[in-house]
Amino acid sequence: MKNLTPSLGTPQSTVEILNKYKFMFQKKFGQNFLIDTHVLDKIIRAADITKEDFVVEIGPGIGTMTQYLALSAGGVAAVEIDKALIPILQDTLGEYDNVTIINDDILKVDLKELAERMNGGKPVKIVANLPYYITTPIIMGIFERHVPVKSITVMVQKEVADRMQVGPGTKDYGALSLAVQYYAEPYIVANVPPNCFIPRPNVGSAVIRLTVHKEPPVKVQDEALMFAIIRASFNQRRKTLQNGLSHVPELGISKELTVRILEELTLPSSVRGEAMNLSQFAEFTNKVICYRHQPEFQV
Ligand code: SAM
């Protein structure tokens with residue numbers, strides 16, 4: 001690759017490209033483009049990218065962060081849903097020979113297959129200024145499908161970043177916190193104000209790095225069952241665990257069974273899901289499975 005420096009990242013260069021292509025922002029795609037080189041540097045540093053890394057960027061926009069990624073990484077695949085941005089990306093990334101532009105909806109892309117095809121199945125790094133309207137399905141999809149990933153460094157809504165890293169007993173604690181912490185170690189890298197984007201979002205943002213665990217921090221015999229239990233217990237936050245679970249008949253967990261297991265875990269029978277930590281949910285799930293194997297006990 002030639003000796004390149006990023007040509008984007010400032011308000012002026014962004015406006016110039018937008019005007020050149022008469023680009024119209026699409027609200028439905030969560031388009032807020034980064035116009036601050038300090039923030040871009042911070043993201044790249046936090047993602048700790050080297051030439052050994054293959055990066056998947058979700059939503060490259062006009063290619064601002066992609067230029068930075070292309071200079072640091074061995075290869076980059078940039079997945080953009082908006083057709084109108086493709087000719088712009090071909091222009092702004094034309095000189096970077098290690099970038100592949102993919103015009104698709106990230107929720108429909110098989111990232112496992114992409115990592116296999118483009119990185120020989122080795123773990124990739126995900127870096128993105130995410131479209132906020134689909135932050136949770138994107139992150140959960142990566143985890144639940146076990147896409148080979150080393151780390152995910154992403155700009156998200158500040159409130160969502162907080163939710164990912166808090167523990168029991170706080171108002172932001174919920175199913176997303178537990179899922180993220182089961183799969184990864186979260187770390188908030190920086191808070192980013194609205195004036196770092198064009199157009200300005202009406203919420204604060206934060207960059208969060210999720211370093212994916214080699215092994216989950218707790219052992220659970222059935223991940224899917226544990227997350228179904230977690231979701232049911234946070235569906236109605238103010239409900240006790242026994243009421244929350246009995247409201248989801250598909251789980252097949254009676255109030256009696258919940259109370260019995262809580263007793264064994266030395267937790268109060270009136271405990272709420274919001275007071276339980278990851279290892280308590282894992283132990284609870286393992287005990288449900290254990291009881292299911294005892295035919296004399298009716299769950
Ligand atoms: N990375 C650019 C930047 O930082 O300036 C743009 C970030 S902007 C917050 C989100 C980007 O994701 C937009 O380019 C938008 O068109 C794209 N996008 C939205 N939904 C998408 C989807 N389902 N799949 C792929 N890209 C999507």
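Let me start with Lys125 and Asp53, which form a salt bridge in this predicted model, their closest N and O atoms being 3.2 Å apart. This pair links distant parts of the chain, since Lys125 sits in strand E5, residues 124-129, while Asp53 belongs to the loop between helix H2 (37-47) and strand E2 (54-58), and the two are 72 residues apart.

Where do these two side chains stand, buried or exposed? Lys125 has a relative accessibility of 7% and therefore counts as buried, and Asp53, with a relative accessible area of 5%, is buried as well. The pair also belongs to something wider, because Asp53, Lys125 and Lys150 are linked in a network of salt bridges.

Now please turn to Asp91 and Lys20, whose side chains meet in a salt bridge with an N to O distance of 2.9 Å. Asp91 lies in helix H4, which covers residues 86-92, and Lys20 lies in helix H1, which covers residues 11-20, so this pair ties together parts of the chain that are 71 residues apart in sequence. As for the surroundings of this pair, Asp91 counts as partly exposed, at 31% relative accessibility, whereas Lys20, at 54%, counts as exposed.

My third pair is Lys171 and Asp172, where a salt bridge is formed with the closest N and O atoms 3.2 Å apart. Here Lys171 counts as exposed, with a relative accessibility of 70%, while Asp172 is buried, its relative accessible area being 18%, a value that falls under the 20% cut-off.

How many salt bridges are there by this rule? The count comes to nine, and the pairs I have described are among them.

Let me finish with the chain as a whole. It has twelve helices and nine strands, and its C-alpha trace spans about 70 × 40 × 30 Å along the principal axes. Of its 299 residues, 53% count as buried, and the chain exposes about 14,200 Å², of which carbon and sulfur atoms supply 51%.

If we take the contacts between residues at least 6 apart in sequence, 69% of them join residues that are at least 24 apart. On the side of charge, the chain carries 32 positive and 32 negative side chains, and the centres of these two sets lie 4 Å apart.

Key:
Residues numbered from 1 in each chain as written. Predicted model: local features only at pLDDT ≥ 70, side-chain atom pairs only at ≥ 80, totals over all residues. Heavy atoms only, no water. Salt bridge = Lys/Arg side-chain N within 4 Å of Asp/Glu carboxyl O. Helix = DSSP H or I, 4+ residues; strand = E, 2+ residues; numbered from the N terminus. Buried < 20%, exposed > 50% of the residue type's maximum accessible area, 1.4 Å probe, protein only. Contact = heavy atoms within 4.5 Å. Areas by Shrake-Rupley, 256 points an atom, 1.4 Å probe, with all protein chains shown as cover. Lys, Arg positive; Asp, Glu negative; His and termini not counted. Charge placed at Lys NZ, Arg CZ, Asp CG, Glu CD.
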